[in-house]
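Open your viewer, set the cartoon representation, and keep the selection box handy. We will walk through a few places together, one selection at a time.

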Amino acid sequence: AASDVYKRQNDNNNYNASNYYDGTVYDSAETQSKIMTRSFIIVLAALLVTAISASLVLVSKSIEEMVFSGFTAWLVLEFAVVMGSSFAIAKRKTVLAAVLFAAYSVINGLTLSVIFYAYDFGSIQEVFLLCAGMFAGMAVIGATTRINLTKMGSILMMALWGVILVTLANIFFIHSSGIDLFMDYVGVAIFVGLTAYDTQKMKKLASSGEMSDMNIIALYCGMELYLDFINLFLRLLSIFGKQKN
(Lines give C-alpha, C1' and ligand atoms only; values in the text may rest on other atoms or scores of the structure.)
Protein backbone atom coordinates (compact mmCIF):
# COMPACT_ATOMS: atom_id res chain seq x y z
CA ALA A 1 0.00 0.00 0.00
CA ALA A 2 1.10 3.56 -0.60
CA SER A 3 0.80 4.34 3.08
CA ASP A 4 3.00 1.37 4.02
CA VAL A 5 5.76 2.51 1.70
CA TYR A 6 5.40 6.11 2.86
CA LYS A 7 5.83 5.06 6.49
CA ARG A 8 9.10 3.32 5.67
CA GLN A 9 10.47 6.12 3.51
CA ASN A 10 9.44 8.96 5.80
CA ASP A 11 10.95 7.40 8.92
CA ASN A 12 14.39 7.04 7.36
CA ASN A 13 15.24 10.47 8.86
CA ASN A 14 14.41 9.13 12.37
CA TYR A 15 13.03 12.55 13.28
CA ASN A 16 16.34 14.36 12.84
CA ALA A 17 15.80 17.69 14.55
CA SER A 18 17.88 19.58 11.98
CA ASN A 19 15.15 18.96 9.39
CA TYR A 20 12.66 21.03 11.35
CA TYR A 21 14.47 23.38 13.74
CA ASP A 22 16.35 26.67 13.32
CA GLY A 23 17.63 26.94 16.89
CA THR A 24 15.03 29.39 18.17
CA VAL A 25 14.17 28.61 21.79
CA TYR A 26 10.56 28.45 23.04
CA ASP A 27 8.92 27.45 26.30
CA SER A 28 9.16 23.64 26.22
CA ALA A 29 6.00 22.77 28.15
CA GLU A 30 3.84 25.24 26.23
CA THR A 31 5.27 24.13 22.89
CA GLN A 32 4.76 20.45 23.72
CA SER A 33 1.13 21.01 24.66
CA LYS A 34 0.37 23.03 21.54
CA ILE A 35 2.04 20.63 19.12
CA MET A 36 0.52 17.48 20.59
CA THR A 37 -2.94 19.07 20.58
CA ARG A 38 -2.58 20.26 17.00
CA SER A 39 -1.24 16.91 15.86
CA PHE A 40 -4.21 14.97 17.21
CA ILE A 41 -6.61 17.55 15.78
CA ILE A 42 -4.96 16.98 12.39
CA VAL A 43 -5.41 13.21 12.79
CA LEU A 44 -9.10 13.59 13.63
CA ALA A 45 -9.68 16.07 10.79
CA ALA A 46 -7.91 13.85 8.25
CA LEU A 47 -9.91 10.80 9.34
CA LEU A 48 -13.14 12.80 9.03
CA VAL A 49 -12.21 13.97 5.53
CA THR A 50 -11.34 10.39 4.55
CA ALA A 51 -14.66 9.09 5.89
CA ILE A 52 -16.66 11.75 4.04
CA SER A 53 -14.73 11.11 0.83
CA ALA A 54 -15.38 7.37 1.06
CA SER A 55 -19.07 8.00 1.75
CA LEU A 56 -19.40 10.14 -1.38
CA VAL A 57 -18.50 7.11 -3.50
CA LEU A 58 -21.45 5.24 -2.02
CA VAL A 59 -24.03 7.98 -2.59
CA SER A 60 -22.93 9.19 -6.03
CA LYS A 61 -22.93 6.89 -9.03
CA SER A 62 -20.85 9.35 -11.04
CA ILE A 63 -18.12 9.46 -8.37
CA GLU A 64 -18.29 5.68 -8.03
CA GLU A 65 -17.77 5.26 -11.77
CA MET A 66 -14.96 7.83 -11.79
CA VAL A 67 -13.09 6.02 -9.00
CA PHE A 68 -13.49 2.43 -10.11
CA SER A 69 -12.99 3.05 -13.82
CA GLY A 70 -9.47 4.27 -13.12
CA PHE A 71 -8.70 2.69 -9.76
CA THR A 72 -5.02 1.99 -10.54
CA ALA A 73 -4.50 5.60 -11.58
CA TRP A 74 -6.01 6.76 -8.29
CA LEU A 75 -3.60 4.52 -6.37
CA VAL A 76 -0.63 5.96 -8.28
CA LEU A 77 -1.89 9.49 -7.65
CA GLU A 78 -2.35 8.69 -3.97
CA PHE A 79 1.26 7.56 -3.70
CA ALA A 80 2.53 10.62 -5.58
CA VAL A 81 0.56 13.04 -3.41
CA VAL A 82 1.71 11.57 -0.10
CA MET A 83 5.32 11.59 -1.32
CA GLY A 84 4.88 15.22 -2.35
CA SER A 85 3.52 16.06 1.08
CA SER A 86 6.50 14.35 2.70
CA PHE A 87 8.88 16.39 0.52
CA ALA A 88 7.05 19.64 1.36
CA ILE A 89 7.30 18.88 5.08
CA ALA A 90 11.03 18.21 4.78
CA LYS A 91 11.40 21.59 3.04
CA ARG A 92 9.20 23.21 5.73
CA LYS A 93 6.64 24.41 3.19
CA THR A 94 3.71 24.32 5.60
CA VAL A 95 0.89 25.47 3.31
CA LEU A 96 1.89 23.18 0.44
CA ALA A 97 2.31 20.24 2.79
CA ALA A 98 -1.11 20.88 4.35
CA VAL A 99 -2.82 21.12 0.96
CA LEU A 100 -1.18 17.93 -0.28
CA PHE A 101 -2.03 16.07 2.92
CA ALA A 102 -5.64 17.22 2.64
CA ALA A 103 -5.68 15.99 -0.96
CA TYR A 104 -4.19 12.68 0.17
CA SER A 105 -6.92 12.31 2.80
CA VAL A 106 -9.55 12.80 0.10
CA ILE A 107 -7.95 10.39 -2.39
CA ASN A 108 -7.34 7.84 0.35
CA GLY A 109 -11.03 7.97 1.17
CA LEU A 110 -11.94 7.38 -2.47
CA THR A 111 -9.73 4.30 -2.74
CA LEU A 112 -10.70 2.98 0.70
CA SER A 113 -14.36 3.07 -0.32
CA VAL A 114 -13.85 -0.45 -1.69
CA ILE A 115 -14.17 -1.78 1.87
CA PHE A 116 -17.88 -0.89 1.85
CA TYR A 117 -18.38 -3.23 -1.10
CA ALA A 118 -16.34 -6.04 0.47
CA TYR A 119 -17.38 -5.93 4.14
CA ASP A 120 -20.60 -5.66 6.09
CA PHE A 121 -21.15 -2.07 7.25
CA GLY A 122 -21.80 -3.08 10.85
CA SER A 123 -18.58 -5.05 10.84
CA ILE A 124 -16.68 -2.02 9.56
CA GLN A 125 -18.08 0.08 12.41
CA GLU A 126 -17.09 -2.51 15.01
CA VAL A 127 -13.55 -2.81 13.68
CA PHE A 128 -13.25 0.98 13.53
CA LEU A 129 -14.18 1.26 17.20
CA LEU A 130 -11.72 -1.52 18.06
CA CYS A 131 -9.01 0.28 16.10
CA ALA A 132 -9.81 3.61 17.77
CA GLY A 133 -9.54 2.01 21.20
CA MET A 134 -6.22 0.34 20.42
CA PHE A 135 -4.85 3.50 18.83
CA ALA A 136 -5.85 5.66 21.78
CA GLY A 137 -4.38 3.19 24.26
CA MET A 138 -1.03 2.99 22.47
CA ALA A 139 -0.93 6.77 22.04
CA VAL A 140 -1.33 7.17 25.80
CA ILE A 141 1.44 4.63 26.39
CA GLY A 142 3.71 6.42 23.94
CA ALA A 143 3.06 9.77 25.60
CA THR A 144 3.57 8.56 29.16
CA THR A 145 6.18 5.78 29.09
CA ARG A 146 9.72 6.58 30.24
CA ILE A 147 11.13 3.78 28.09
CA ASN A 148 13.01 5.02 25.05
CA LEU A 149 11.22 3.52 22.04
CA THR A 150 13.73 4.69 19.41
CA LYS A 151 15.31 1.27 18.92
CA MET A 152 11.90 -0.41 18.87
CA GLY A 153 10.81 2.04 16.16
CA SER A 154 13.80 1.16 13.98
CA ILE A 155 13.09 -2.56 14.37
CA LEU A 156 9.41 -2.05 13.54
CA MET A 157 10.25 -0.13 10.38
CA MET A 158 12.52 -2.97 9.21
CA ALA A 159 9.75 -5.44 10.03
CA LEU A 160 7.33 -3.34 7.99
CA TRP A 161 9.62 -3.64 4.96
CA GLY A 162 9.60 -7.39 5.49
CA VAL A 163 5.80 -7.46 5.57
CA ILE A 164 5.63 -5.41 2.36
CA LEU A 165 8.04 -7.72 0.53
CA VAL A 166 6.37 -10.93 1.74
CA THR A 167 2.93 -9.55 0.88
CA LEU A 168 4.03 -8.65 -2.65
CA ALA A 169 5.63 -12.07 -3.11
CA ASN A 170 2.43 -13.72 -1.92
CA ILE A 171 0.28 -11.65 -4.27
CA PHE A 172 2.32 -12.36 -7.38
CA PHE A 173 3.81 -15.80 -6.76
CA ILE A 174 2.68 -17.77 -3.70
CA HIS A 175 -1.06 -17.04 -3.45
CA SER A 176 -1.45 -18.34 0.11
CA SER A 177 -4.39 -17.20 2.25
CA GLY A 178 -2.52 -18.43 5.32
CA ILE A 179 0.41 -16.11 4.62
CA ASP A 180 -2.03 -13.24 4.07
CA LEU A 181 -3.61 -13.82 7.47
CA PHE A 182 -0.24 -14.16 9.21
CA MET A 183 0.98 -10.91 7.62
CA ASP A 184 -2.18 -9.19 8.85
CA TYR A 185 -1.44 -10.23 12.43
CA VAL A 186 2.18 -9.12 12.07
CA GLY A 187 0.95 -5.85 10.57
CA VAL A 188 -1.32 -5.24 13.56
CA ALA A 189 1.62 -5.76 15.92
CA ILE A 190 3.79 -3.42 13.85
CA PHE A 191 1.30 -0.56 13.69
CA VAL A 192 0.31 -0.91 17.34
CA GLY A 193 3.99 -0.48 18.18
CA LEU A 194 4.46 2.35 15.69
CA THR A 195 1.56 4.26 17.23
CA ALA A 196 3.35 4.31 20.58
CA TYR A 197 6.68 5.07 18.88
CA ASP A 198 5.32 7.94 16.79
CA THR A 199 3.53 9.43 19.79
CA GLN A 200 6.74 9.41 21.80
CA LYS A 201 8.55 10.86 18.78
CA MET A 202 6.00 13.67 18.69
CA LYS A 203 6.50 14.32 22.40
CA LYS A 204 10.28 14.49 21.98
CA LEU A 205 10.02 16.85 19.04
CA ALA A 206 7.54 19.02 20.90
CA SER A 207 9.62 19.24 24.06
CA SER A 208 12.96 19.95 22.37
CA GLY A 209 12.45 23.68 22.72
CA GLU A 210 14.11 24.45 19.38
CA MET A 211 11.17 24.50 17.01
CA SER A 212 11.28 26.79 14.04
CA ASP A 213 7.66 26.14 13.10
CA MET A 214 5.13 24.46 15.36
CA ASN A 215 2.71 23.93 12.50
CA ILE A 216 5.09 21.92 10.32
CA ILE A 217 5.99 19.66 13.24
CA ALA A 218 2.33 19.20 14.15
CA LEU A 219 1.55 18.37 10.52
CA TYR A 220 4.44 15.91 10.26
CA CYS A 221 3.44 14.10 13.45
CA GLY A 222 -0.25 14.21 12.57
CA MET A 223 0.42 12.61 9.20
CA GLU A 224 2.50 9.85 10.79
CA LEU A 225 -0.23 9.02 13.31
CA TYR A 226 -2.97 9.20 10.67
CA LEU A 227 -1.10 6.61 8.60
CA ASP A 228 -0.64 4.43 11.68
CA PHE A 229 -4.39 4.53 12.28
CA ILE A 230 -5.34 3.77 8.67
CA ASN A 231 -2.93 0.86 8.38
CA LEU A 232 -3.95 -0.57 11.75
CA PHE A 233 -7.62 -0.30 10.77
CA LEU A 234 -7.10 -2.09 7.45
CA ARG A 235 -5.14 -4.93 9.07
CA LEU A 236 -7.79 -5.37 11.76
CA LEU A 237 -10.55 -5.27 9.17
CA SER A 238 -8.82 -7.97 7.14
CA ILE A 239 -8.68 -10.18 10.25
CA PHE A 240 -12.01 -9.47 11.95
CA GLY A 241 -14.18 -7.95 9.22
CA LYS A 242 -17.26 -9.84 8.12
CA GLN A 243 -17.18 -10.10 4.35
CA LYS A 244 -20.31 -9.69 2.26
CA ASN A 245 -21.66 -12.79 0.54
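**Stop 1: helices 8 and 9**

Select residues 150-174, which form helix 8, and residues 177-207, which form helix 9: their axes come within 9 Å of each other and cross at roughly 150°. That makes helix 8 roughly antiparallel to helix 9 (angles under 35 degrees count as roughly parallel, over 145 as roughly antiparallel, 65 to 115 as roughly perpendicular and the rest as oblique). Axes here are lines fitted to C-alpha atoms, for helices over the stretch in contact, and angles run from 0 to 180 degrees between N-to-C directions. Helices (H or I, at least four residues) and strands (E, at least two) are DSSP runs, numbered from the N terminus.

A word on the model: it is predicted, local features need pLDDT of at least 70, side-chain atom pairs count only at pLDDT 80 or more, and totals for chains, interfaces and linings use all residues. Residues are numbered from 1 along each chain as its sequence is written, and side-chain values use heavy atoms, with hydrogens and water left out.

Now show side chains. Among the helix 8 residues that meet helix 9 are Leu156, Leu160 and Val163, while the helix 9 side includes Met183, Ile190 and Leu194; contact means heavy atoms within 4.5 Å. By class, this contact of helix 8 with helix 9 has 15 nonpolar, six polar and two charged residues. For the classes, Ala, Val, Leu, Ile, Met, Phe, Trp, Tyr, Cys and Pro count as nonpolar, Asp, Glu, Lys and Arg as charged, and the others, Gly among them, as polar.

Next, select histidine 175, in the loop between helix 8 and helix 9. Histidine 175 has a positive phi of about 60° although it is not a glycine. Most residues other than glycine have a negative phi. Is histidine 175 buried or exposed? At 58% relative accessibility, histidine 175 counts as exposed (buried means under 20% relative accessible area, exposed over 50%, partly exposed in between, with a 1.4 Å probe and protein chains only).

**Stop 2: helix 10 and its partners**

Select residues 121-144 for helix 7 and 214-240 for helix 10; they pack at an angle of about 135°, with their axes 9 Å apart. Helix 7 and helix 10 are therefore oblique to each other. Label Val127, Phe128 and Cys131, among the helix 7 residues here, and look across to helix 10 residues including Phe229, Leu232 and Phe233. The contact of helix 7 with helix 10 divides into 15 nonpolar residues, one polar and one charged.

Keep helix 10 and add residues 94-112, helix 5: the two axes come within 10 Å and cross at roughly 10°. Helix 5 and helix 10 are therefore roughly parallel to each other. Phe101 and Tyr104 are among the contact residues of helix 5, and Met223 and Tyr226 among those of helix 10. This contact of helix 5 with helix 10 has twelve nonpolar, four polar and no charged residues.

**Stop 3: two single residues**

Pick arginine 92, in the loop between helix 4 (71-90) and helix 5. Arginine 92 also has a positive phi of about 60°, and at 35% relative accessibility it counts as partly exposed.

Then move to aspartate 184, in helix 9. Which residues does aspartate 184 touch, not counting residues up to four places away in sequence? They are Arg235, Ser238 and Ile239. At 9% relative accessibility, aspartate 184 counts as buried.

**Stop 4: zoom out**

Show the whole chain, with its ten helices and zero strands. Buried residues make up 45% of its 245 residues.
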